[in-house]
Amino acid sequence: MARMIDMRNTLELRCTDCGGRMRQKAVAQEVERAGLRVRLTGIPAAVCPRCGDTSFGPGVADKIATAANAVFEIAAERHKGLLVAEAG
């Protein structure tokens, strides 16, 4: 389960699940609604290399939801199936 964290101190963070040292990396999140799937990539996160626990910085989860909702709106008007949005 993703948590919100202060990303400035990623090098000092320990995983709350297993105690591993969190690493900063870009991750992907997939959201599904009414049979449509949206995959957002390039999202900054702190990830535990031991157990895979993922944490986001302040406001990132809200931005993910806003982006996914915008793509779902477009999909509802024009497409059915899989839409992919990738950050550069």
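This section describes the fold, strand pairing, turns and charged side chains of a predicted model.

The protein has 88 residues, and 32% of them count as buried. Its secondary structure comes to one helix and five strands. Along the sequence, these elements follow the pattern β-β-β-β-α-β. The description below centres on β2, β3 and β4, and on the loops that join them.

Strand β2 covers residues 23–33, and strand β3 covers residues 36–47. The two run antiparallel and are joined by 10 bridges. Individual pairs can be named along this ladder. K25 has A45 in β3 as its bridge partner. Q29 is partnered by L40, also in β3. Two residues separate the strands of this hairpin. One residue of the turn is A34, placed in the loop between β2 and β3. A34 takes a positive phi of about 50 degrees, although it is not a glycine. Most residues other than glycine have a negative phi. The turn residue A34 is also exposed, with a relative accessible area of 80%.

Strand β3 also pairs with strand β4, which spans residues 54–56. This pairing is antiparallel and is made by two bridges. Within it, A46 stands opposite S55 of β4. The hairpin of β3 and β4 has six residues between its strands. There, G52 takes a positive phi near 85 degrees. Strand β3 is thus named in both pairings: with β2 through 10 bridges, and with β4 through two.

The loop between β3 and β4 also holds P49. P49 counts as exposed, at 57% relative accessibility. In sequence, P49 is 28 residues from R21. In space, the C-alpha atoms of P49 and R21 are 7.5 Å apart. R21 itself is placed in the loop between β1 (3–4) and β2. A second contact of this kind involves R50. R21 and R50 are separated by 29 residues in sequence, with 8.4 Å between their C-alpha atoms.

R21 and R50 also belong to a positive surface patch, together with R14 and R23. The setting of two members can be given in more detail. R21 is partly exposed, at 38% relative accessibility. R23 is located in strand β2. R23 is likewise partly exposed, with a value of 45%. Patch membership requires over 30% relative accessible area and no salt bridge. The values for R21 and R23 can be read against that area cut-off.

Salt bridges were searched for across the whole structure, and two were found. Side chains of opposite charge can pair when their charged atoms come close. Which residue does E30 pair with at 3.9 Å between the closest N and O atoms? One partner is R37, which forms a salt bridge with E30 at that distance. The side chain of R39 also meets that of E30 in a salt bridge, at 3.9 Å from N to O. E30, R37 and R39 are therefore linked in a network of salt bridges, given that a salt bridge is a Lys or Arg side-chain nitrogen within 4 Å of an Asp or Glu carboxyl oxygen.

Are the members of this network buried, exposed or partly exposed? E30 is partly exposed, with a relative accessible area of 44%. R37 is partly exposed too, at 35% relative accessibility. R39 falls in that class as well, at 36%. These values lie between the limits for the buried and exposed classes, which are under 20% and over 50%. The exposed class takes in A34, at 80%, and P49, at 57%.

Conventions. Residues numbered from 1 in each chain as written. Predicted model: local features only at pLDDT ≥ 70, side-chain atom pairs only at ≥ 80, totals over all residues. Heavy atoms only, no water. Pairing = 2+ DSSP bridges. Helix = DSSP H or I, 4+ residues; strand = E, 2+ residues; numbered from the N terminus. Patch = residues over 30% accessible without salt bridge, like charges linked within 9 Å, V, L, I, M, F, W, Y side chains within 5 Å. Areas by Shrake-Rupley, 256 points an atom, 1.4 Å probe, with all protein chains shown as cover. Lys, Arg positive; Asp, Glu negative; His and termini not counted. Charge placed at Lys NZ, Arg CZ, Asp CG, Glu CD. Buried < 20%, exposed > 50% of the residue type's maximum accessible area, 1.4 Å probe, protein only.
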